[in-house]
Amino acid sequence: MIPLIVSGLLFGAIASSIARQKGRGEVLWFVLGFVLHLFGLVVLFLPPVCKSGITKKCTACAEIVKAEANVCRYCGKDLIAVGGEEVS
Ligand SMILES: [Zn+2]
């Protein structure tokens, strides 16, 4: 049997890692994963948010990708030119 605190840390780490990829609050989702365990992984089913400086929207397929990405991971479009075009 895994102590609750260990599995809480595990789920917290997973949830915050997923949240980071989606541009959501890492700390918030770590806490939710820690407290809610498996239910904290509901972040998996939430859509990514477009957060200026963290993520940007691909101009070709409209998927959310990391701001540092040079190539869209969904459609392969070159994203270097669209770096600073986010709407604030
Ligand atoms: Zn794309």
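Which element do the buried residues of α1 pack against? The tour below reaches that point after a look at the whole chain. The model is predicted, and residue numbers count from 1 along the chain.

**Whole chain**

Show the chain as a cartoon and colour it by secondary structure. Two helices and two strands should appear, and following the sequence they come in the order α-α-β-β. The chain has 88 residues, of which 23% are buried. Of the contacts between residues at least 6 apart in sequence, 32% join residues at least 24 apart.

**The helix α1**

Select residues 4-21, which form α1. This helix has 18 residues, and the distance from its first C-alpha to its last is 26 Å, close to the 26 Å expected at 1.5 Å a residue. Now show the side chains of F11, G12, A15, S16, I18 and A19, the buried residues of α1. Turn the view to look down the helix axis: these buried residues fall within an arc of 160°, so they line one face of the helix. An α-helix has 3.6 residues a turn, so residues three or four places apart point the same way.

To answer the opening question, add α2, residues 26-36. The buried residues of α1 pack against α2. Before leaving this part, select G23, just after α1, where phi is positive at about 75°.

**The nonpolar core**

Next select F11, A15, I18, A19, W29, F30, L32, F34 and V43. These nine residues make up the largest nonpolar core. The elements that contribute two or more residues to this core are α1 and α2.

**V43**

Keep the core visible and centre on V43, one of its residues. Where does V43 sit along the chain? V43 lies in the loop between α2 and β1, the latter being residues 55-57.

Is V43 buried or exposed? V43 is buried, because 20 other C-beta atoms lie within 10 Å, and 20 or more is the cut-off for calling a residue buried.

Which residues does V43 touch, not counting residues up to four places away in sequence? Select A15, I18, A19, K22, R24 and W29 to see these contacts. Among them, A15, I18, A19 and W29 also belong to the nonpolar core.

As a last step, draw a distance between the C-alpha atoms of V43 and A19. The two residues are 24 places apart along the chain, and the separation of these atoms is 6.5 Å. A19 is also one of the buried residues of α1, the helix whose buried residues pack against α2.

Technical notes
This is a predicted model: local features need pLDDT of at least 70, side-chain atom pairs count only at pLDDT 80 or more; totals for chains, interfaces and linings use all residues. A nonpolar core is a set of buried Ala, Val, Leu, Ile, Met, Phe, Trp, Tyr and Cys residues joined through C-beta atoms within 7 Å. A residue is buried if 20 or more other C-beta atoms lie within 10 Å of its own, exposed if 12 or fewer, and partly exposed in between; C-beta atoms are placed from the backbone. Helices (H or I, at least four residues) and strands (E, at least two) are DSSP runs, numbered from the N terminus. Two residues are in contact if their C-beta atoms, placed from the backbone, lie within 7 Å. The expected span of a helix is 1.5 Å times one less than its number of residues. The arc is that of the directions from the helix axis to the C-beta atoms.
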